[in-house]
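Grab your viewer and work through a few exercises on this chain. Each one has a task and then a solution in steps.

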Amino acid sequence: MAQRGAGYGREPRLVWRDALMVGLPAAALLAAAVWFALHYAQPAPPRRIGFAAGAAGGAYERFAQRYRDLLARDGVTLDLVATGGAVDNVARLADPASGLHAGLVQGGVSLTAQAPGLVSLGQVAIEPLWGFCKGPPVDRLPALRGRALAVGAPGSGTRHLVLDLLATNELTDGDVRLVDSGGMQAAAALTGGKVDCAFLVSAPEAEAVRALLRAPGVSLMHFARADAYARRLHFLSAVTLPEGTVDLARNIPPRDTRLVAAATEILVQRDLHPAIQMLLLQAAREVHGEGGLFHRPGELPRAEVVDFPLSDDALRYYRSGRPFLQRYLPFWVANLIDRLLVLGLPILAVAFPLFRVVPPLYRWRVRRRIYRWYGELMFIDHAARGASGDQRRDLAARIAAIERAVDALEPPLAYADQLYALRQHIDYVRDRLVRADENEAGPRRGEG
């Protein structure tokens, strides 16, 4: 007969062994869920970011100052840094050591390859190229041959755009004299007779633009071929400044004037905190959403880009608007709740099923140590039927071994009734063996 149940030794304490066998895997799963949440959850938003504000006195600086005031309401400080212009802004934003995280950039600077870590929050302004010249109005760039032109400082978007336009007309440095000045410096050079024309890429609100529109003896250039430039250079659009729009009383400008315009975008570092990106977009909505000479109310900001890809967070903003919690709660409270949700959901997703599975699993392991002996007892009970005396003695020895193993069990108190029931059943099977021996011995004595 096959031997079963041999080699019984003392069992370890059930409480700790089963708790560890069930609890350690569960704890490991919870730890993995916590790691996952911490790894993918965004840290708290920074309270201070650097912002490339462009040249002093320019439209970029005016916009940036309004952004600063709006972000200050939510406890975020915008440190404005004066720069040389759009090209300089891209170069600084692409440098992690610059301390700049965001800035205004004129479309068409075409520096995407040199700054792969930057993304756009969309177009926030339409900035025309203003050309001002001494004397009668000019309507074509070739007419500027031989003149001195203030084309903006090195690193500025104005210089970049003017050089592109001159190149499309096959005008080189030998055909015109380029002067590196922009903004109010260019305006002063023009009114002071140091240059013949001055070019500015700026919003109508810029101080230099307002000054030159009213300067005596200075005319605004009419781009008669604005549509052609817009077709040739994809980042440009043709716009019209209607007669009298700037000043009806003085009829400035004195006629409908065609201009070419470049879109302005907010560029940010790709890893800038999503909450800060949302604040910048909300500020842009307040600053630029009112409408202007070249766009209608509510038209800006918009999810159109020129050189850099649109940020994923900006795309969500244009599709769904402000984050739900920020519509009803202060910024920092809403952000804290968002972070807690990001941290808590993965943990709850693991913890909830674990809390449902672990207790039954623990109970099963404890009961298994008790119920496993019932299989042995049933085998012995069935084997005892028709067994010989020697076989019954072997079965009795196996019952004794089972009893020793069961005596070594130390289950939790909640399972004591099942342990004592097992002991009673062991005694029951032993009694059946004893009765079988007595029944066999009785007839034999009678026969003697």
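**Exercise 1.** Find the loop that holds N251, and work out its backbone and its exposure.

*Solution.* Step one: N251 sits in the loop between β9 and β10; helices (H or I, at least four residues) and strands (E, at least two) are DSSP runs, numbered from the N terminus. Before going on, keep in mind that this is a predicted model, where local features need pLDDT of at least 70, side-chain atom pairs count only at pLDDT 80 or more, and totals for chains, interfaces and linings use all residues. Residues are numbered from 1 along each chain as its sequence is written, and side-chain values use heavy atoms, with hydrogens and water left out.

Step two: check phi. N251 is not a glycine, yet its phi is positive, about 55°.

Step three: look at the exposure. N251 has 29% relative accessibility and so counts as partly exposed; buried means under 20% relative accessible area, exposed over 50%, and partly exposed is in between (1.4 Å probe, protein chains only).

Step four: move along to P253, which is found in the loop between β9 (236-241) and β10 (257-269). The peptide bond joining I252 and P253 is cis, with omega at about -5°.

**Exercise 2.** Locate the cis peptide bond that joins L300 and P301, and give its omega.

*Solution.* Start with the loop: P301 lies between α8 (274-288) and α9 (312-320). Then read the torsion: omega of the cis bond between L300 and P301 is about -5°.

**Exercise 3.** Place E170 and T172 in the chain, then decide for E170 whether it is buried or exposed.

*Solution.* First the address: E170 is in the loop between α4 (157-168) and β6 (177-179). T172 lies in the loop between α4 and β6 too.

Next the backbone: E170 is a residue other than glycine, but its phi is positive, near 55°.

Now the accessibility. E170 comes out at 68%, so it counts as exposed. T172, at 46%, counts as partly exposed.

Last, a distance: T172 and R145 are 27 residues apart in sequence, and their C-alpha atoms are 9.3 Å apart in space.

**Exercise 4.** Count the disulfides, and say which residues are joined.

*Solution.* Set the rule: a disulfide is a pair of cysteine sulfur atoms within 2.5 Å. Applying it gives one disulfide, and the partners are C133 and C197, with S to S at 2.2 Å. C133 is in strand β4 (residues 118-134) and C197 in strand β7 (residues 197-201), so the pair ties together parts that are 64 residues apart in sequence.

For the geometry, take the torsion about the S-S bond: it is 110°, and the link of C133 and C197 is right-handed.

For the surroundings, check both ends. C133 has 1% relative accessibility and counts as buried, and C197 is buried as well, at 0%.

**Exercise 5.** Which residues does R392 touch, not counting residues up to four places away in sequence?

*Solution.* Begin with the element: R392 is in helix α11 (residues 389-407). Its relative accessibility is 5%, so R392 counts as buried. Then list the contacts (heavy atoms within 4.5 Å): R392 touches A387, L433, A436, D437 and E440.

**Exercise 6.** Where is P96, and how far is its C-alpha from that of V109?

*Solution.* P96 is in the loop between α3 (86-93) and β3 (102-106). With a relative accessible area of 74%, P96 is exposed. P96 and V109 are 13 residues apart along the chain, and 20 Å separates their C-alpha atoms.

**Exercise 7.** Zoom out and describe the whole chain.

*Solution.* Elements come first: the chain has twelve helices and ten strands.

Then the dimensions. The C-alpha trace spans about 150 × 40 × 35 Å along its principal axes. The radius of gyration, taken over C-alpha atoms, is 42 Å, whereas a compact globule of 448 residues would have one near 22 Å; that globule rule is 2.2 Å times the number of residues to the power 0.38.

Finish with burial and contacts. Of the 448 residues, 44% count as buried. Take the contacts between residues at least 6 apart in sequence: 78% of them join residues at least 24 apart.
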